[in-house]
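Good morning, and thank you for making time for this presentation. I should like to take you through one model, beginning with its aromatic side chains and ending with its domains.

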Amino acid sequence: MFERLKQQFSTLRSRADFHALRIVRQSGEHCRVRRNVAEPPFFSSDLGAMLSVRVNGVEAYAATSDLSTAGLQHALDLAEARARLITPYNLVDARVAPPQGRADYRSPGLDQPLPGIAERIELLREESAAVPADPRLVNWTLLLSVDRHEQLYLNSAGAEHWQELQFVYPGASVTAFDGHDSQTRSFGGYHGGQQGGAEVIRRLGLRGAAPRVADEALQLLLAPNTPEGPRDLLLMPEQMMLQIHESIGHPLELDRILGDERNYAGTSFIRQEDFGHYQYGSALLNVSFDPGIPEELASYGHDDDGSAARKTLLIEKGLLLRPLGGALSQQRSGLPGVANSRACSWNRAPIDRMANLNIEPGDQRLEQLVGGIERGILMTTNRSWSIDDARNKFQFGCEWGQLIENGELKGVVKNPNYRGISASFWRSLAAVGDASTFEVLGTPFCGKGEPNQVVRVGHASPACVFSQVDVFGGAA
């Protein structure tokens, strides 16, 4: 089909200065077992094309599910007509250099077939049956979802970019209830997926996860509430993912900084003039846009506007260097950016999005991180989040907490929460774990844009220590 569409593109005619075609085919297979009972598998499939043009510096789009030559030509004509209609009112000059060249990108492990649907359900049944027979365990769910994404980008400057991606999400969640309190502990799922094939299931450790998660849920039931007050905070990678996402990723999206998201998802406390000058964090903070970690969810060769993706430091030794802005936002702002112009599907135009946004490892093992804390708390796995429209003041809650006293891990505490201000929180970064604490995580559920777009993002991070953070527990 894609070979045929290449030939069809060569026959399309336009008077625009530039035109492009992005064809996307997506499918999904979602299996779930709840309390030892398999739910009906859910399947999804989608296919269509986006035609884009540039006329006198104006960019316009039209999408279609009609992939005949006539259907594609009609969408192209519609996009061109829109561009010419907008021309007298245009506020943005979209005359950016057109992408060129040919490139392919594929997820790792595509040659390692995944188990069939029946085998996946049986695997989930086995894990579900391993949950202990304790009356306090009132609900548990095992899931295994697979999404596939194929995309072909062609343009009038001769670019041809093919991408074939596969995403695997194994997960488990167990809820315990003692008649007064309920606690949930989870593993993976939609906050821990990776690109790849069958090896993702093994690498992320689905087998054996359910009994461990169930035991931790029971421990939380018996644990005291998290104490209140300032303490050193050791965040594990599962919670660092959310911290990076909300208080670095969204504030650095250039279209937000330029005001595009103001009436929907908010703005940013970062200003255009801050780049190259603003001390975002302590000297230990190094943040990269890195689409080159093969198993991470948002690894790709080119973004959806055809720009080549490569690793770039956004924050180096705490200093803010560049935003998350694609080619069009770079043209608008005069700032350097990255290849992160992304769309959730064929019927959405690309906008500035997070992709793989990672914290570079430091030099301390986990034992050293714990050993350096006199009075603190370890937290992991997000369960609640709240942050203001400028992505500055925040309050986050976790599933699991453990006290740290005199350099040693002590008892479990439940309902661990912490609050802070992005502009100062990252400056309190006191220690960064080494590669042995580094984990590759991500979520397929980052929402933004009007109409809304939900995309995959990756966040890889080591464990990190923050000094004197305001922590607190739940109601007594």
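Let me first fix one term: a residue is called buried when its relative accessible area is under 20%. Please also bear in mind throughout that this is a predicted model.

By that criterion, Phe2 and Trp162 are both buried. A search of the whole structure finds 14 aromatic pairs, and Phe2 with Trp162 is one of the pairs formed, in an edge-to-face arrangement. The centres of the two rings are 4.8 Å apart, and their planes make an angle of 70 degrees. Which elements carry these two rings? Phe2 belongs to helix H1, residues 2–11, and Trp162 to strand S7, residues 160–177, so the pair ties together parts that are 160 residues apart in sequence.

A second edge-to-face pair is made by Phe394 and Tyr418, at 6.1 Å centre to centre and with 75 degrees between the planes. Here Phe394 lies in strand S18, residues 393–405, and Tyr418 in strand S20, residues 417–421; the pair therefore ties together parts 24 residues apart in sequence. Are these residues buried or exposed? Phe394 has a relative accessibility of 5% and so counts as buried. Tyr418 is buried as well, its relative accessible area being 0%. Both residues belong to one aromatic cluster, together with Phe396, Phe425, Trp426 and Phe466.

Two arginines also deserve mention in connection with aromatic rings. Arg419 lies over the face of Phe472, 4.0 Å from the ring centre. In the other case, Arg456 places its charged end over the ring of Phe167, at 3.8 Å from the centre of that ring.

I turn now to the division of the chain. Domain 1 runs over residues 1–222 and domain 2 over residues 229–472. Their C-alpha centres are 21 Å apart, and the contact draws 46 residues from domain 1 and 44 residues from domain 2. How much area do domain 1 and domain 2 bury between them? The figure is about 3,600 Å², with 53% of it on carbon and sulfur atoms. On the domain 1 side, Arg22, His191 and Leu220 provide 14% of the area buried against domain 2, more than any other three residues.

The UniProt record, an unreviewed entry, offers a further set of boundaries. It annotates residues 21–83 as "domain: Metalloprotease TldD/E N-terminal"; in the model this stretch is 24% helix and 59% strand, with its end C-alpha atoms 16 Å apart. The annotation "domain: Metalloprotease TldD/E central" in UniProt covers residues 116–219, where the chain is 30% helix and 44% strand and the end C-alpha atoms are 35 Å apart. Finally, UniProt places "domain: Metalloprotease TldD/E C-terminal" at residues 233–471. Over those residues the chain is 15% helix and 37% strand, and the end C-alpha atoms are separated by 8 Å.

I close with a single loop residue. Leu110 is found between strand S5, residues 102–106, and helix H3, residues 117–129. With a relative accessibility of 22%, Leu110 counts as partly exposed. Apart from neighbours within four places in sequence, Leu110 is in contact with Glu164 and Gln166. From Leu110 to Ser186 the C-alpha distance is 27 Å, and these two residues are 76 residues apart in sequence.

Terms used: Residues are numbered from 1 along each chain as its sequence is written. This is a predicted model: local features need pLDDT of at least 70, side-chain atom pairs count only at pLDDT 80 or more; totals for chains, interfaces and linings use all residues. Side-chain values use heavy atoms; hydrogens and water are left out. UniProt positions are given in the numbering used here, feature names are shortened, and annotations may be inferred rather than shown by experiment. Helices (H or I, at least four residues) and strands (E, at least two) are DSSP runs, numbered from the N terminus. Rings of Phe, Tyr and Trp (its six-membered ring) pair if their centres lie within 6.5 Å; planes under 30 degrees apart count as stacked, over 60 as edge-to-face and the rest as tilted. Buried means under 20% relative accessible area, exposed over 50%, partly exposed in between (1.4 Å probe, protein chains only). A charge sits over a ring if NZ of Lys or CZ of Arg is within 6 Å of the ring centre and within 35 degrees of the ring normal. Domain bounds come from an automatic or database domain assignment. Contact means heavy atoms within 4.5 Å. Buried area is the accessible area (1.4 Å probe) that two parts lose on being put together, summed over both.
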